[in-house]
Amino acid sequence: MERIIVILVAAILSENFVLSKFLGICPFLGVSKKLNTAVGMSIAVTFVMVLSTLVTYPIYAYLLVPNDLAYLQTVVFILIIAALVQIVEITLKKYLPPLYNALGIYLPLITTNCAVLGVTLLNFTKTIDGQPLSYLEAIFNAFGAGIGFLLAMILFAGVRSKLETCDIPKSLQGLPITLIAASLVALSFLGFAGVAGNLFG
Amino acid sequence: MNAIVLTVIILSVIGVLAGLLLSVASIVMAVKKDEKAEKIEAALPGANCGSCGFSGCSGYAAALADGQTEDTNLCSPGGEQAAAAIAEILGVTGGGFVRKTAVVRCRGNWDVTDMKMEYKGLATCFAANQQHAGIGACRFGCIGFGDCAAVCEYGAITVENGLASIDPDKCVACGKCVQACPKSIIALVPAADEDRTVLCRSADKGAVTRKACSAGCIGCMQCVKACEHGAVTVSNFLASIDPEKCVGCGKCEAVCPQHCIASFAPAQVK
């Protein structure tokens, strides 16, 4: 239980995928203009992260490692994630049209999102107290990473809506000021460094 | 050697499995799209402007195909062509399409009216309108920061000398500017040579209007007297013309002392 809480806090705050690992910057800058699209995208990302961890973890542990093929993980994971996202899209379209209408446009965007690939890969390098993550812990790690993504997107959507009403110098208008704002938000997340590791003494 | 073979086998098996799964899924879980709706969507211009009152072109197409609406002439950007195409697909005789254009019902540029303040705030009409109802002397007139020009996707709106103007040739009557204008001075009017429109929204008394702007409607009633068809009425010191009754004789335009009645027609329709 303690380990799971530590994993969640680390994934959401101190090791936030967007703001401290700098993965998934493309949707972070591209879809954060409006709050509702930012939330939709983040929920879709969380969903895919958990799902792809569910599938990739057993494949890595029971297929690649026993055959000494761990180095193939990147290629295999990309293949699996891409296929998985497509199947999820088709399934949602058929059985859950409202959810499809809400997430539909974001799902194809996530196929090759590096944050999703990053979660599935980092599940195997991350250790808590020197021990690698178990299957269940990896799933919580993926969930936490998705919630961290959601948090970063919501915070940044708020910052950007403030930027809209600011009188910005012409040379900084558009992407430059967005990048500067993103760097400041990322800087603020440095304050969480070390929080997760020292939660329980 | 063995490792290479195993690698190739594992990757190909996963790839083939994923491919099979996807193709099976796409057949088993195929969602039937309404053929009619698809055809109608293809006939629409795809501007997704929302002027038909539905959520984009696909929404309008679905509504038509499901019979939620029977109006085939709601698409402004598509015009006559789209209306006719939709009517043919549905097998009905659609209502006639009246081409419309957006018109800025104000003539108050900085030559005929003055600013009432020196404004240093946010340069949008919306913001300026929140403070003292705009920066011009007339509280009904065009503010001139071009909120309408910013939302126009067709580049039809230009702001010159503090007054927005709309090029009827480029305007497709999507109605985005109508919503964007905080003063509600933009309206969609029939784009025919004959139809006259009053280019002022001032509901102030004549003397107040004249003091603020030398091009505003002062409610002098001359147009009402000149009109032989009862199309012109004056209420709140402001003339308005009923497009249903207007025959386009142009007598009101001729007698207006403030020259604030005019007609709008795109060049190609003339």
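**Exercise 1.** Leaving aside its neighbours within four places in sequence, with which residues is Gln258(B) in contact (heavy atoms within 4.5 Å)?

*Solution.* This is a predicted model, in which local features need pLDDT of at least 70 and side-chain atom pairs count only at pLDDT 80 or more, while totals for chains, interfaces and linings use all residues. Side-chain values use heavy atoms, with hydrogens and water left out. Start with the position: Gln258(B) lies in the loop between helix 10 (251-255) and strand 8 (261-263) of chain B, where helices (H or I, at least four residues) and strands (E, at least two) are DSSP runs numbered from the N terminus. Next, list the contacts, which are Arg107(B), Arg210(B), Ser214(B), Ala215(B), Gly216(B) and Ile218(B). Finally, the side chain of Gln258(B) reaches the backbone oxygen of Gly216(B) at 2.9 Å.

**Exercise 2.** Determine whether the end-to-end distance of helix 1 (residues 2-28) of chain B agrees with its expected span (1.5 Å times one less than its number of residues).

*Solution.* Take the 27 residues of the helix, which at 1.5 Å a residue should span 39 Å. Then compare this with the end C-alpha atoms, which are 38 Å apart, in agreement with the expectation.

**Exercise 3.** Identify the buried residues (under 20% relative accessible area, 1.4 Å probe, protein chains only) of helix 1 of chain B, and state what they pack against.

*Solution.* The buried residues are Thr7(B), Ile10(B), Ile14(B), Ala18(B) and Ala25(B). As for their partners, these residues pack against helix 3 (35-64) and helix 4 (73-95) of chain A.

Notes: Residues numbered from 1 in each chain as written. Chains lettered and ligands numbered in written order. Expected span 1.5 Å × (residues − 1). Buried < 20%, exposed > 50% of the residue type's maximum accessible area, 1.4 Å probe, protein only. Contact = heavy atoms within 4.5 Å. Polar contact = N/O pair within 3.5 Å; in protein donor to acceptor, adjacent residues only side chain to side chain.
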